[in-house]
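Dear colleague,

I am handing over the structure we spoke of, and below it I set out what was found when its atoms were analysed. Please read the notes with the coordinates open beside you.

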Amino acid sequence: MSITRKGESSPKRPPHRHQGSRAGPLLHSHAGHPPRHARAADTHRWWALVVIALAQLMVVLDATIVNIALPSAQHALGISDGNRQWVVTAYTLAFGGLLLLGGRIADLVGRKRTFVIGLVGFAAASALGGGATSSGMLFGARALQGAFAAVLAPSALSLLTTTFTDPRERGKAFGIYGALAGSGSAIGFIVGGLLTEYLNWRWCLYVNVPIAVVAVLGAFALLRDRPGDAGARLDVPGAVLGCGGLVAVVYGFSEAQPRGWTDPLVLALFAAGVALLAAFVTWQTRAPKPLLPLHIIRERNRAGCFLTMLLAVIGMFGLFLFMTYYLQGILGYSPLRTGLAFLPLTAAIVIGSTQISARLMHRVAPRALMVPGMVLAAGGMLLLTRLTVASHYTSEVLPALLLMGLGMGLTFMPVFATATAGVAERDSGVTSATVNTSQQVGGSIGTALLNTIATTSSAAYITAHLHSPADRARVVPEGVVHGYTVAIWWAAAVMLLAGLVAGLMVTARAPRNTRPAREAVRESVA
């Protein structure tokens, strides 16, 4: 507000530049640029983002990096066909089931400390898995990776949230983070293909060790955080009920693939999961220090982001699953070529997040990015429903991957940014954990649900069209592709539902200053 009296002219002042994410006095120099220590602080924040991004990339790509290496690992360790799924499921099960607990630990112990503990534990578990001499040792190492990832991921996102608070810087930072979250799984396929083809499957796990070492050194040098609340207590009953319910649900979906949806064990797991989660919600209304304060999920925009993420990832993980099998099993691609085939998808996600969403986030409402993003992704899925045993990558697969990537890039960044905006610092860890929980649970559901649909449809097609043994060489591949396309139709429908949820529930406005920063500075000192 101006304090200049009427008739007096305002003295001319040197131009100022607003220092976005640091609260405090406005800084300026005689040349109109931020002083040297202010520029150093800005550089420090962006290098801190590199450290956080490294950790997030490691966590996300490990959900898929072993997929392409799975046949080699299965042969080396003598894993049965019925048990090989646990190489993937053990990781996602521990990750998705323990994320809420990991988020609360980050709030109580301190985000930087939890971040470092997660990195060290993840590296140790990766080394253990790389040196596995039996299937049980590998499964245990993967579960241990998931447990430490559940500690690491929420602290990484909450550190990002508290480091970047200015709308413009926040948009760029979350654009990079969203690109990694969306493309990390695809990068996992590429890296997995390279390591498997030119080294061996064990390096798909060993590769995490040098990444974690670099991230730990960077964390000590660059990350800043307030100490945690050492006197607070964990909500132990809430942890048991919430984590137990999520583990039961995720485990149920993973077992639905080999056993079938009506298997007694699967039904019992679903029933137990629902009962435990209902008890968890009831307990959170009474607990003195709740694991998940219910006001976090009661807020309309945040709830819409959680649900949008869940639905979007259901469709995306289905794409990864089917395209991997299609490229290798039907088109005869090598592991490396299969990984490289996902590269355009990764590039499109990065472009959508950093060059489109990040630039528009402070100008348009989040749903103006999320809804078109889900429509584009669904359009890419619909193109894939036309696949046949004789389809060509360039003309039929590539356009779909590009649409999918752009759509996911438009969606992920505003989901992460909106879900964590306006959260009290004491709740930032658990809120970040809830976003990641949506992502991991969605991936587990998508893999199990869509794979079951594909398998059932393939079996029905083969039964209906296989009239003689001579037809088998033609009918079986056609039946497999038919199953993929049926499941992809369902994935497209789920993505359209995600767009509808985003359009109806995410009503937040653009997170921006209403006036240019320089104009606001002039008025504040006039």
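The chain holds 19 helices and zero strands, and I should say at once that the model is a predicted one. Of its 526 residues, 53% count as buried, while the accessible surface of the chain comes to about 22,400 Å², with 64% of that area belonging to carbon and sulfur atoms. As for the contacts between residues at least 6 apart in sequence, 83% of them join residues at least 24 apart.

The aromatic side chains come next, and here the count is three aromatic pairs. In one of them, Tyr-91 and Phe-95 are arranged edge-to-face, with 5.7 Å from centre to centre and 70° between the planes. Both of these residues lie in helix α3, which spans residues 86-109, and they are four residues apart, or about one turn of the helix; both Tyr-91 and Phe-95 are also buried. Tyr-91 has a further partner in Phe-122, and because the planes of these two rings stand at 85°, with the centres 6.4 Å apart, this pair is edge-to-face. The second partner links distant parts of the chain, since Tyr-91 belongs to helix α3 and Phe-122 to helix α4 (residues 111-130), with their positions 31 residues apart in the numbering. Tyr-91 has a relative accessibility of 0% and so counts as buried, and Phe-122, at 0% relative accessibility, is likewise buried. Taken together, the ring pairs join Tyr-91, Phe-95 and Phe-122 into a cluster.

Turning to the charged side chains, the count comes to one salt bridge. It is formed by the side chains of Glu-478 and Arg-474, with a distance of 3.4 Å from N to O. Why are Glu-478 and Arg-474 separated by about one helical turn? The reason is that they are four residues apart in helix α18, which runs over residues 472-505. Glu-478 has a relative accessible area of 26% and is therefore partly exposed, and Arg-474, at 45% relative accessibility, also counts as partly exposed, given that the partly exposed class lies between the limits of 20% and 50%.

One last item concerns a charge and a ring: the charged end of Arg-337 sits over the ring of Tyr-333, at 3.9 Å from the centre of that ring.

With best wishes

How values were computed:
Residues are numbered from 1 along each chain as its sequence is written. This is a predicted model: local features need pLDDT of at least 70, side-chain atom pairs count only at pLDDT 80 or more; totals for chains, interfaces and linings use all residues. Side-chain values use heavy atoms; hydrogens and water are left out. A salt bridge is a side-chain nitrogen of Lys or Arg within 4 Å of a carboxyl oxygen of Asp or Glu. Helices (H or I, at least four residues) and strands (E, at least two) are DSSP runs, numbered from the N terminus. Buried means under 20% relative accessible area, exposed over 50%, partly exposed in between (1.4 Å probe, protein chains only). Rings of Phe, Tyr and Trp (its six-membered ring) pair if their centres lie within 6.5 Å; planes under 30 degrees apart count as stacked, over 60 as edge-to-face and the rest as tilted. A charge sits over a ring if NZ of Lys or CZ of Arg is within 6 Å of the ring centre and within 35 degrees of the ring normal. Contact means heavy atoms within 4.5 Å. Accessible areas come from the Shrake-Rupley method with a 1.4 Å probe; for residues, only the protein chains shown count as cover.
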